[in-house]
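Colleague: Could you take a close look at the paired strands of this protein and at the side chains packed around them? Please explain each term for a first-year student.

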Amino acid sequence: DISIFGETLKAEDVEFVTDYRYATVLTFENCFNVDIAGMTLGHTDMSECEGDVLGFSGCGEVTINQADLYGCGVYGITATSYCSDFYVSGTDIRDCSDGPLYITEGLGDFVFFDCNLYSSDGYAYYEKTPESSLEFYNCSFGRRETEYFMFHEDVYAEECAWEEGAYGNFVCGSGDRRICKTGRIGFGEGRTGQAGRAAWRRSVS
């Protein structure tokens, strides 16, 4: 078990940074029950980086709450090598050089609630697997963050907003496969959404 908390649980009060552009700010390998809350994480040099902000490999039951993850990290959050069950709430992911998220080989739910993903130079990348889901609730997105998701029929969004002029379309809901246009939108029940909400309630109870 690993818990890293800012004393006030306000992201602006605690900053965890690195001067090394080639280093990931925090890296976790084969860790379970990880809690990160109330802090800002990033690189001091906002130009070009080769390291991410948070990197996870083979990790599970990860909770990130009230955080501010900023570039120039290549990605805000990377989850590779069979990570499972990530719950991210009240968190900003911004100004990353390649995109806010990079998720591959997932084994569980990746759920984002009340998060803002914006001002990155690229899009979030998600490699769908039979065992994983990617879901967003009451989140907001910038122009490019969901560009890649136009190719996914299984990324779920509910009560989310997009910046005007956002690239591409967002395919939402596992049942109706509606195309969600830019703007403030609400969606009905879907199998994926129901599972994500249940998992989210368990994580915060």
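Modeller: The account below begins with the reliability of the model, then takes the strands, the core, the charged groups and the cysteines in turn.

The model is predicted, so local features are described at a pLDDT of at least 70 and side-chain atom pairs count only at pLDDT 80 or more, whereas totals for chains, interfaces and linings use all residues. Residues are numbered from 1 along each chain as its sequence is written, and side-chain values use heavy atoms, with hydrogens and water left out.

The term pLDDT denotes the predictor's confidence in each residue, on a scale from 0 to 100. The protein has a mean pLDDT of 79, and 76% of its residues reach 70 or more. Strands, like helices, are DSSP runs numbered from the N terminus: a strand (E) has at least two residues and a helix (H or I) at least four. Confidence is highest in strand β5 (residues 54-57), at a mean of 98, and lowest in strand β19 (residues 178-180), at 41. Over residues 171-195 the pLDDT stays under 50, although the model gives this stretch 67 contacts beyond four places in sequence; a contact means heavy atoms within 4.5 Å. Residues 200-205 also have a pLDDT below 50, with 6 contacts beyond near neighbours in sequence. Where pLDDT is low, the predicted coordinates should not be read in detail.

The strands come next. Two strands pair if DSSP finds at least two bridges between them. An open sheet is formed by 5 strands in the order β3-β5-β7-β10-β13, with parallel pairing. Its edge strands, β3 (26-29) and β13 (125-126), each pair on one side only. Within this sheet, β5 and strand β7 (residues 75-80) pair in the parallel sense over 4 bridges, and Ser-57 stands opposite Thr-80 in β7.

Strand β8 (residues 84-89) offers another set of pairings. This strand is mostly covered, as 6 of its 6 residues are buried; buried means under 20% relative accessible area, exposed means over 50%, and partly exposed lies in between (1.4 Å probe, protein chains only). β6 and β8 pair in the parallel sense over 5 bridges, and Thr-63 has Tyr-87 in β8 as its bridge partner. β8 also pairs in the parallel sense with strand β11 (residues 109-113), over 4 bridges, and there Val-88 has Phe-112 as its bridge partner.

Several of these residues return in the core. A nonpolar core is a set of buried Ala, Val, Leu, Ile, Met, Phe, Trp, Tyr and Cys residues joined through side-chain atoms within 4.5 Å. The largest such core has 39 residues, and those that touch the most other members include Leu-54, Phe-56, Ile-64, Ile-77 and Phe-112. Leaving aside neighbours within four places in sequence, the contacts of Ile-77 include Leu-54, Phe-56, Ile-64, Val-88 and Phe-112.

Charged groups also connect strands. A salt bridge is a side-chain nitrogen of Lys or Arg within 4 Å of a carboxyl oxygen of Asp or Glu, and the count here is 2 salt bridges. In one, Asp-68 meets Arg-94, with the closest N and O atoms 2.9 Å apart. This pair links distant parts of the chain, 26 residues apart: Asp-68 lies in strand β6 (residues 60-70) and Arg-94 in strand β9 (residues 92-94). Arg-94 forms a salt bridge with Asp-95 as well, at 3.0 Å between the closest N and O atoms. Asp-68, Arg-94 and Asp-95 are therefore linked in a network of salt bridges. Asp-68 is buried, at 14% relative accessible area, and Arg-94 also counts as buried, at 18%, whereas Asp-95 is partly exposed, at 28%.

Finally, the cysteines deserve a remark. A disulfide is a pair of cysteine sulfur atoms within 2.5 Å, and the count is 0 disulfides. The closest cysteine sulfur to that of Cys-59 belongs to Cys-31 and lies 4.7 Å away, which is too far for a bond. Cys-115 is likewise in no disulfide, for the nearest cysteine sulfur, that of Cys-139, is 4.8 Å away. Cys-59 is buried, at 0% relative accessibility, and Cys-115 is buried at 0%.
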